[in-house]
Amino acid sequence: NTCAVMHKLKSAQRDKVRQFISFTNTSERTAIHCLSQHDWRLDIATDNYFADSDRYYRDTRVAVDKRKLNQLFDRYKDSGEEDKILAEGVGRFCEDLRLDPTSKAVLIIAWKFHAATQCEFTRKEFVDGLSELGCDSIDKLKAKLPSLETDLRDAAKFKDFYQFTFMFARTPGQKGLGKLHIVNVDCMIFHKYSNLWNVGEFL
């Protein structure tokens with residue numbers, strides 16, 4: 001019982017558990033396990049969690065219904081493409097999520113989906129991406145959105161995201177999300193998180 005374990009912890013340890021959860025958006029069970037593995041050193045535990053979250057994850061993975069995911073994909077797919085959601089469908093997808101198509105949140109979703117082309121999702125990208133996020137409905141993805149930025153606190157993952165946006169802006173894509181806007185978002189993200197790594201390493 002996690003509550004019982006929390007009760008047995010020292011005040012300073014409970015405070016570190018709360019901070020760890022705030023930083024990583026994980027559960028108490030995962031936080032306690034990771035911190036205990038690193039002698040309750042919050043900075044080291046957090047760094048190691050972001051470097052290999054699967055190693056410390058102690059909660060049941062959310063099962064998704066692949067049938068629902070394919071039905072969701074079919075709702076947005078292009079009428080002339082069996083396995084692609086094009087610009088119009090992406091627009092409807094964003095509307096259902098109540099997101100501006102040019103927002104950073106949509107760019108993060110594209111990153112999580114490993115999307116290869118602007119304003120386009122293949123069936124595999126869409127289904128696999130939502131499966132990894134543990135979401136099989138729009139409502140579940142909406143609920144997940146606030147936590148998606150958490151990964152960017154890890155320097156390695158942020159570097160991967162930043163490089164993704166750079167390459168994503170160079171793909172031809174469909175009308176709707178211009179390269180100039182992606183570059184602007186890219187710059188905004190860089191200025192917010194540039195303290196996480198040495199820019200000279202890959203720019």
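**Figure 1. Phenylalanine 93 and phenylalanine 121 are both buried in this predicted model, "buried" being under 20% relative accessible area, "exposed" over 50% and "partly exposed" anything in between (1.4 Å probe, protein chains only).** A quick housekeeping note: since the model is predicted, local features need pLDDT of at least 70 and side-chain atom pairs count only at pLDDT 80 or more, while totals for chains, interfaces and linings use all residues. Residue numbers start from 1 along each chain as its sequence is written, and side-chain values use heavy atoms, with hydrogens and water left out. Rings of Phe, Tyr and Trp (its six-membered ring) pair up if their centres lie within 6.5 Å, and the planes decide the label: stacked under 30 degrees apart, edge-to-face over 60, tilted for the rest. Searching the whole structure turns up 10 aromatic pairs. In one of them, phenylalanine 93 meets phenylalanine 121 edge-to-face, with 6.1 Å centre to centre and 85 degrees between the planes. That pair links distant parts of the chain, 28 residues apart: phenylalanine 93 belongs to helix H7 (residues 87-97) and phenylalanine 121 to strand S2 (residues 121-122). Helices (H or I, at least four residues) and strands (E, at least two) are DSSP runs, numbered from the N terminus.

**Figure 2. Phenylalanine 93 also pairs edge-to-face with phenylalanine 126, at 5.5 Å centre to centre and 65 degrees between the planes.** Here too distant parts of the chain are linked, with phenylalanine 93 in helix H7, phenylalanine 126 in helix H9 and their positions 33 residues apart. Phenylalanine 93 and phenylalanine 126 are both buried. Zoom out a little and ring pairs link Phe73, Tyr76, Phe93, Phe113, Phe121 and Phe126 into a cluster.

**Figure 3. Arginine 123 and aspartate 74 meet through their side chains in a salt bridge of 2.9 Å, N to O.** This pair connects distant parts of the chain, 49 residues apart, with arginine 123 in helix H9 (residues 123-133) and aspartate 74 in helix H6 (residues 66-76). The rule for a salt bridge is a side-chain nitrogen of Lys or Arg within 4 Å of a carboxyl oxygen of Asp or Glu, and by this rule the count comes to 11. Arginine 123 is buried, at 15% relative accessible area, whereas aspartate 74 is partly exposed, at 35%.

**Figure 4. Glutamate 82 and aspartate 83 each bridge to arginine 123 as well.** The glutamate 82 salt bridge with arginine 123 comes in at 3.4 Å, N to O. Glutamate 82 sits in the loop between H6 and strand S1 (84-85) and arginine 123 in helix H9, so this pair ties together parts that are 41 residues apart in sequence. For aspartate 83 and arginine 123, the N to O distance is 2.5 Å. That pair also links distant parts of the chain, 40 residues apart, with aspartate 83 in the loop between H6 and S1 and arginine 123 in helix H9. Aspartate 83 counts as partly exposed, because its relative accessibility is 39%. Through shared partners, salt bridges join Asp74, Lys77, Glu82, Asp83 and Arg123 into one network.

**Figure 5. Helix H2 (residues 11-24) and helix H4 (residues 42-51) cross at roughly 35 degrees, their axes coming within 11 Å.** The axes are lines fitted to C-alpha atoms, for helices over the stretch in contact, and angles run from 0 to 180 degrees between N-to-C directions. The H2 and H4 crossing is right-handed, i.e. the near helix is turned clockwise from the far one by less than a right angle (anticlockwise would be left-handed). Making the contact (heavy atoms within 4.5 Å) are Lys16, Gln19, Phe20, Phe23 and Thr24 of H2, along with Leu42, Ala45, Thr46, Tyr49 and Phe50 of H4. By type, the residues of this H2 and H4 contact split into 6 nonpolar, 3 polar and 1 charged; Ala, Val, Leu, Ile, Met, Phe, Trp, Tyr, Cys and Pro count as nonpolar, Asp, Glu, Lys and Arg as charged, and the others, Gly among them, as polar.

**Figure 6. Leucine 97 is found in helix H7 and counts as buried, at 4% relative accessibility.** Ignoring neighbours within four places in sequence, leucine 97 is in contact with Ile109, Ile138, Leu141, Lys142 and Leu145. The C-alpha atoms of leucine 97 and leucine 145 are separated by 9.3 Å, though the two residues are 48 apart along the chain.
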